[in-house]
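Work through the exercises below with the sequence and the model open. Each task is followed by a solution in steps.

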Amino acid sequence: PTLSSLALGIFRTKFLPKEGDSQIPIISGQIFDDIKKSYTGGSVDVIKPFGKNIRRYDVNSLYPFVMKEYPMPVGLPTYFEGNIIKIVDKPYGFFKVEVTSPDNLNVPILQTKINHRTIAPLGQWTGWYSSEEIYNAEKYGYKFIILNGYTFEKAFIFKEYVDYFYNMKKQSDKSSPNYVISKLLLNSLYGRFGMNPLNEEHAIVDSNKPHKFTGANITNFIELGNNKELISFIKNSTLEESACSLNISIPISAMVTSCARVYMSQFKNNPFYQLFYTDTDSIDIDRPLDPKFVGNGLGQVK
């Protein structure tokens, strides 16, 4: 088993109530494709390439912190069309929107993909975003027209899991197996929900004999010599079958990364210091950060 599948197994058997299994939405088909468009990673950017006396601050376990402190999407999604905000107060979910950014924002905070490249632009574009990222961006002057999307219920489903392994990590020596185990399991769970349901498999077969992968979608093969070849293939199962069998829930992973960007955005356009660099969970600045953010606790910075 992989680390992420092990983390999922521990979460389901030890920390998710039996009746809670049905809470986590297993998503496939068009809904999967739509919500996946909002699933981008941390924002990495060099704002100024050179400086003196620079301080780097790093968030303690950013993704586990977000999994504990922010609600996650649960239940069955509800599709809507039109500007839902006109009839529902603070709807929660993933929305397709027309975006207009402010003209004078020094460090843009909303990401989109252009030619398979993730950027944070200024201007106007259309994209998919979580409701939490939309509400946060409005504080910085972004404007949105909601076109359609999916709403979810929300719940705090990872609190006990994160507390258990973060406490183990804090109480363990850094050279001990418990420290490594707890750190890996803390960081491996969220991505398991967002994995691609149609993964490649591989097998070594005889070149001159029929094999059971003939009907599969073969993506690559490499001649190994001695009448052997390495076949890469995707089984002819549907996306829905794969998502269900693998317990994939793209809304969970998309919401975790989205809320992590929301949390980091508070450090990006602060008038009290110059920002030089930022990535998923750290910043480089030219002055001491406000002491209220600094410490050893989950979500604080070191």
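**Exercise 1. The largest pocket**

Which helices each supply at least two residues of the lining of the largest pocket? Give the volume of the pocket as well.

Solution. The model is a predicted one. Step one is the volume: the largest pocket measures about 350 Å³. Step two is its lining, which consists of 15 residues; closest to the centre are N60, K169, K174, Y179 and K302. Step three assigns the lining to helices: α5 (159-170) and α6 (177-192) each contribute at least two residues.

**Exercise 2. A serine in α6**

Determine whether S182 is buried or exposed, and list what it touches beyond its sequence neighbours.

Solution. Begin with the location: S182 sits in helix α6. Next, take its relative accessibility, which is 0%. The cut-off for a buried residue is under 20%, so S182 counts as buried at 0%. Finally, leave out residues up to four places away in sequence; S182 then touches F165, M168 and K169.

**Exercise 3. The largest cavity**

How many cavities of 30 Å³ or more does the count give, and which helix has the largest share of the lining of the largest cavity?

Solution. The count comes to one cavity of 30 Å³ or more. The space in the largest cavity is about 30 Å³. Its lining is made of I109, L110, E133, N136, R261, V262 and S265. Two helices, α4 (131-138) and α8 (250-265), each supply at least two of these residues. The largest share belongs to α8, with three residues.

**Exercise 4. Positive phi angles**

Find where H116 and N227 lie in the chain, and state the phi value of each.

Solution. Start from the general expectation: most residues other than glycine have a negative phi. H116 is not a glycine, yet its phi is positive, about 65°. H116 belongs to the loop between β5 (112-114) and β6 (117-119). With a relative accessible area of 83%, H116 is exposed; the cut-off for this class is over 50%. N227 also has a positive phi, near 60°, and is a residue other than glycine. N227 is located in the loop between β10 (217-225) and β11 (228-234).

**Exercise 5. Separation in sequence and in space**

Is F32 buried or exposed, and how many residues separate F32 from V162 in sequence?

Solution. F32 is part of helix α2 (residues 29-36). Its relative accessibility is 3%, so F32 counts as buried. F32 and V162 are 130 residues apart in sequence. In space, their C-alpha atoms are 26 Å apart.

**Exercise 6. The chain as a whole**

Describe the protein chain by its secondary structure, extent, burial, contacts, surface and charges.

Solution. First, count the elements: the protein chain has eight helices and 13 strands. Second, take the extent: the C-alpha trace spans about 70 × 55 × 45 Å along its principal axes. Third, burial: of the 302 residues, 46% are buried. Fourth, contacts: among those with a separation of 6 or more, 75% join residues 24 or more positions apart. Fifth, surface: the protein chain exposes about 16,400 Å², and carbon and sulfur atoms supply 51% of this area. Last, charges: the 33 positive and 30 negative charges have mean positions 5 Å apart.

Conventions: Residues are numbered from 1 along each chain as its sequence is written. This is a predicted model: local features need pLDDT of at least 70, side-chain atom pairs count only at pLDDT 80 or more; totals for chains, interfaces and linings use all residues. Side-chain values use heavy atoms; hydrogens and water are left out. Helices (H or I, at least four residues) and strands (E, at least two) are DSSP runs, numbered from the N terminus. Buried means under 20% relative accessible area, exposed over 50%, partly exposed in between (1.4 Å probe, protein chains only). Contact means heavy atoms within 4.5 Å. Accessible areas come from the Shrake-Rupley method with a 1.4 Å probe; for residues, only the protein chains shown count as cover. Lys and Arg count as positive and Asp and Glu as negative; His and the chain ends are not counted. The place of a charge is taken as NZ of Lys, CZ of Arg, CG of Asp or CD of Glu. On a 1 Å grid over the protein atoms alone, a cavity is a set of points where a 1.4 Å probe fits but cannot get out, and a pocket is an open set with protein on both sides within 12 Å along at least five of seven lines; lining residues have an atom within 4 Å of a point. Grid points are joined across faces, edges and corners, and a volume is the space filled by probe spheres set on the points.
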